[in-house]
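Reader: Could you walk me through this one before I set anything up? I would like to start from a single residue and work outwards.

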Amino acid sequence: MSRTRHRTPHRTPDRTSSRTPAAFRRRALVALPAAALLALVPSSATAYPNPGRVTGDIVVHDPTLARTASGKYLLYSTGDGLQLRTSADRITFGRNGSAFPTRPSWWNNYNSTGDVWAPDISYHGGKYLMYYSVSSFGSNKSAIGLAGSTTGEPGSWTDYGAVYTSTTSSDYNAIDPNLFVDDDGTWWLSFGSWWTGIKMIRIDPSTGKQYAGDTTRRSLASRPTGTKAVEAPYIVKRNGYYYLFASYDTCCAGTGSTYKIKVGRSSGVTGPYVDKNGVGMMNNGGTPVQESHGRYIGPGGQSVMKDTDGDLLVYHYYDGQDNGTPKLGVNLLNWSSGWPVAY
């Protein structure tokens, strides 16, 4: 049966990290400089690297990361009105409030008791923009919301309401948003989970909402046979190609999670995206970037941030040595092969 990320609660280490099940969702930051991070990764037979070193309050889900002009890192994630953690060094993180101490009333149309998830933060036109998801377990009666802030700090966000919605009769799900701004200044929002997969709409830069001159809903990735489990898109442009990252299979089941991060690329932002073997992402394609290995189970809910020492792949995983608690993972990405390789 088609579904979205069904979540189960996990043990939390202290009161400040407490969550509802809906709090265990998506999109950041972290990692040492490249040489130091590589030194921390032990040699092993696995094809996938361990996350780089992060400390402090790192129990997160669906992380997204931004760096302010002063060098401060803002890590927003699912739960408690979109939780904020901050860091001065991209290693040690501390909890620092939430984007929404008070729920906007319109959320009740899509989730009257739970929390929102999967924030996506970026900086454009002198302010931070944050797209986020409002829904409930297993439902595609969902909405993507938008908020803005000049500082990105907790409590400073102005909510602009719903951007795009889906209903129980839709064949898509309006969650897991990611804003991409192309070189020519065109704005695009990718989103989606399960059902018929990853979608994209054009966004009006003046409003942050759908562009009235182009209301086409495009399809970027799908799994037409077998499981429908693909979600959490994130798009970047590197070396003349557009790269679509997505989370495949099932999250939110602790040590039973099967999440993994895959990628495809295209010469155009609207696709078609294909993997390293030429298989289309509309036909279950995708080249693995990070998968379960050792204690690091079900990596996904990813975002990508360009920092001073390279691109960071930011995600959550479930800690097999801590009862499946979701934690922050981060790796640098190497693009020299034409494909992102985590290290």
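**Starting from a serine**

Author: Let us begin with Ser-149, which lies in strand β8, a strand that covers residues 142–149. Please keep in mind throughout that this is a predicted model.

Reader: Is Ser-149 buried or exposed?

Author: Ser-149 counts as buried, because its relative accessibility is 3% and the cut-off for buried is under 20%.

Reader: And what does the side chain of Ser-149 make a polar contact with?

Author: Its partner is the side chain of Ser-156, and the distance of that polar contact is 2.6 Å. If residues up to four places away in sequence are left aside, Ser-149 touches Lys-127, Tyr-128, Ser-156 and Trp-157.

Reader: Trp-157 caught my eye; which residues touch the most other members of the largest nonpolar core?

Author: Trp-157 is one of them, together with Tyr-76, Phe-100 and Tyr-132, in a core that has 19 residues. Strands β3 (73–77), β7 (127–134) and β8 each supply at least two residues of this core, and β7 gives the most, with four residues. There is also a second, separate core of 16 residues, which includes Tyr-234, Val-236, Ile-261 and Val-263. As general background, nonpolar side chains tend to be buried together in soluble globular proteins.

Reader: Changing topic, where is Gly-161 found?

Author: Gly-161 is found in strand β9, which runs over residues 158–166, and this glycine is buried, since its relative accessible area is 13% and anything under 20% counts as buried.

Reader: What does Gly-161 touch, not counting residues up to four places away in sequence?

Author: With that exclusion, Gly-161 touches Trp-106, Ile-144, Gly-145, Leu-146 and Lys-209. As for Ala-143, the C-alpha to C-alpha distance from Gly-161 is 9.4 Å, while the two residues are 18 apart in sequence.

Reader: OK, disulfides next, as I need them for the topology; how many does the structure hold?

Author: The structure holds one disulfide, and it joins Cys-251 to Cys-252 with an S to S distance of 2.1 Å.

Reader: What is the angle about the S-S bond there?

Author: The angle about the S-S bond is -55°, and the link of Cys-251 and Cys-252 is left-handed. Cys-251 counts as buried because its relative accessibility is 2%, and Cys-252 is likewise buried, with a relative accessible area of 1%.

Reader: Further along the chain, what order does the open sheet of four strands have?

Author: The order is β18-β19-β20-β21, and the pairing is antiparallel. The edge strands, each of which pairs on one side only, are β18 (296–307) and β21 (341–342).

Reader: And over how many bridges do β19 and β20 pair?

Author: Strand β19, residues 310–319, and strand β20, residues 325–334, pair in the antiparallel sense over eight bridges. Within that pairing, Leu-312 stands opposite Leu-332 in β20.

Reader: Last one, zooming out: how many helices and strands does the chain have, and what share of its residues count as buried?

Author: The chain has one helix and 21 strands, and 60% of its 343 residues count as buried. The chain exposes about 12400 Å², of which carbon and sulfur atoms supply 49%.

Technical notes:
Residues are numbered from 1 along each chain as its sequence is written. This is a predicted model: local features need pLDDT of at least 70, side-chain atom pairs count only at pLDDT 80 or more; totals for chains, interfaces and linings use all residues. Side-chain values use heavy atoms; hydrogens and water are left out. Buried means under 20% relative accessible area, exposed over 50%, partly exposed in between (1.4 Å probe, protein chains only). A polar contact is a pair of N or O atoms within 3.5 Å; within protein, one must be able to donate a hydrogen and the other to accept it, and residues adjacent in sequence count only if both atoms are side-chain atoms. Contact means heavy atoms within 4.5 Å. Two strands pair if DSSP finds at least two bridges between them. A disulfide is a pair of cysteine sulfur atoms within 2.5 Å. A nonpolar core is a set of buried Ala, Val, Leu, Ile, Met, Phe, Trp, Tyr and Cys residues joined through side-chain atoms within 4.5 Å. Accessible areas come from the Shrake-Rupley method with a 1.4 Å probe; for residues, only the protein chains shown count as cover.
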